[in-house]
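Here are some exercises to work through with the model open beside you. Try each task before reading its solution.

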Amino acid sequence: TLFLIFFKNIAKIINIYDIPSERKIHKKPVPILGGLLIYINLIIFIYFSNFFEVSLNDTLYLENIKSVLLFFFTTSSIFLLGLIDDKIDLSPNIRVIFLSLLIINHLYFDNNLLIEELTFSFLDLNLKLNKISFMFTFFCIIVFIISANMFDGTNLQSSSFFIFILIYISITNLNLNIFCIFLVVSIIFFSIKNLKGKTFLGDGGSYLLSFILAYMLILTHKYTNIKSDEIAILIIFPIIDTLRL
């Protein structure tokens, strides 16, 4: 609500705009505030979870203070990387290198996030990944983040996709239900302005949300009955769009 009320003031303070060009259809500079909205709400969720003694292990599978700090560091760094790119337009190579380092660092300290096996709805078979588990998990996350970022084009396109994934996760994994609802509400408030072309998600928002969704999809795959091929179908559209581009 505060985002909508103080939208113009926030835009002036942040001073990060998407400037019109030959490749873009908007005619005036548009403030990039979607990522900031999501990030602030993420901080609020983590803080008030502790304030109301809601276990982050139950809501985000964060077992201890170390895992909480690691999650906070990775999400903050990914958001800041995207925000810097929104501001000064980093080269794609630099973005991929830093994204890769952040993801590798997170996987190194959080083995719980590693995809250790693949399960299929059409096969009575569990495919153990063993030694390639680390690289396979890294590849899945980086491809999803890049694809989701490239999928962010038309107003409401990315936000609709993210909301759809979050609703699916909330239904299949009750542990993540509260956090999913919290994110959906945040994205809806952003979408109110995005629908009218008043603000964009930006790389900061796209990187942040796609990492969080990758994180939740992997844990949902590990701790529920959702199969690997179901997740692949769920995220196929941005990946196909990236391959097309």
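The exercises below go from the whole chain to helix pairs and then to single residues.

This is a predicted model, in which local features need pLDDT of at least 70 and side-chain atom pairs count only at pLDDT 80 or more, while totals for chains, interfaces and linings use all residues. Residues are numbered from 1 along each chain as its sequence is written, and side-chain values use heavy atoms, with hydrogens and water left out.

**Exercise 1. Describe the protein as a whole.**

Step 1: Begin with secondary structure. The protein has 12 helices and 4 strands; these are DSSP runs numbered from the N terminus, with helices being H or I of at least four residues and strands E of at least two.

Step 2: Turn to burial. Of the 245 residues, 49% count as buried, where buried means under 20% relative accessible area, exposed over 50% and partly exposed in between, with a 1.4 Å probe and protein chains only.

Step 3: Look at the surface. About 13200 Å² is exposed, and carbon and sulfur atoms supply 66% of it (Shrake-Rupley method, 1.4 Å probe, with only the protein chains shown counting as cover for residues).

Step 4: Finish with contacts, meaning heavy atoms within 4.5 Å. Among those between residues at least 6 apart in sequence, 70% join residues at least 24 apart.

**Exercise 2. Work out how α7 packs against α6 and against α12.**

Step 1: Recall the description to use. Two packed helices are described by the angle between their axes and the distance between the axes. Axes here are lines fitted to C-alpha atoms, for helices over the stretch in contact, and angles run from 0 to 180 degrees between N-to-C directions.

Step 2: Take α6 (residues 92-109) and α7 (residues 133-151). Their axes come within 10 Å and cross at roughly 140 degrees. The two helices are therefore oblique to each other; angles under 35 degrees count as roughly parallel, over 145 as roughly antiparallel, 65 to 115 as roughly perpendicular and the rest as oblique.

Step 3: List who meets whom. On α6 the contact includes R95, V96 and L99, and on α7 it includes F134, T137 and F138. The contact residues divide into 12 nonpolar, 3 polar and 1 charged (Ala, Val, Leu, Ile, Met, Phe, Trp, Tyr, Cys and Pro are nonpolar; Asp, Glu, Lys and Arg are charged; the others, Gly among them, are polar).

Step 4: Repeat for α12 (residues 236-244). Its axis and that of α7 come within 8 Å and cross at roughly 80 degrees, so α7 and α12 are roughly perpendicular. Here I146, S147, A148, M150 and F151 of α7 meet F237, P238, I239, D241 and T242 of α12. This contact has 7 nonpolar, 2 polar and 1 charged residues.

**Exercise 3. Is Y215 buried or exposed, and which residues does Y215 touch?**

Step 1: Find Y215 in helix α10 (residues 202-223).

Step 2: Check accessibility. Y215 counts as buried because its relative accessibility is 2%.

Step 3: Leave aside neighbours within four places in sequence. Y215 then contacts L60, Y61, L62, F71, H106, D110 and L113.

**Exercise 4. Compare Y61 with D89.**

Step 1: Locate both. Y61 is in the loop between α4 (56-60) and α5 (65-88), and D89 is in the loop between α5 and α6.

Step 2: Read the backbone. Phi is near 60 degrees for Y61, a positive value in a residue other than glycine; phi of D89 is also near 60 degrees.

Step 3: Read accessibility. Y61 is buried, with a relative accessible area of 11%, whereas D89 is exposed at 61%.
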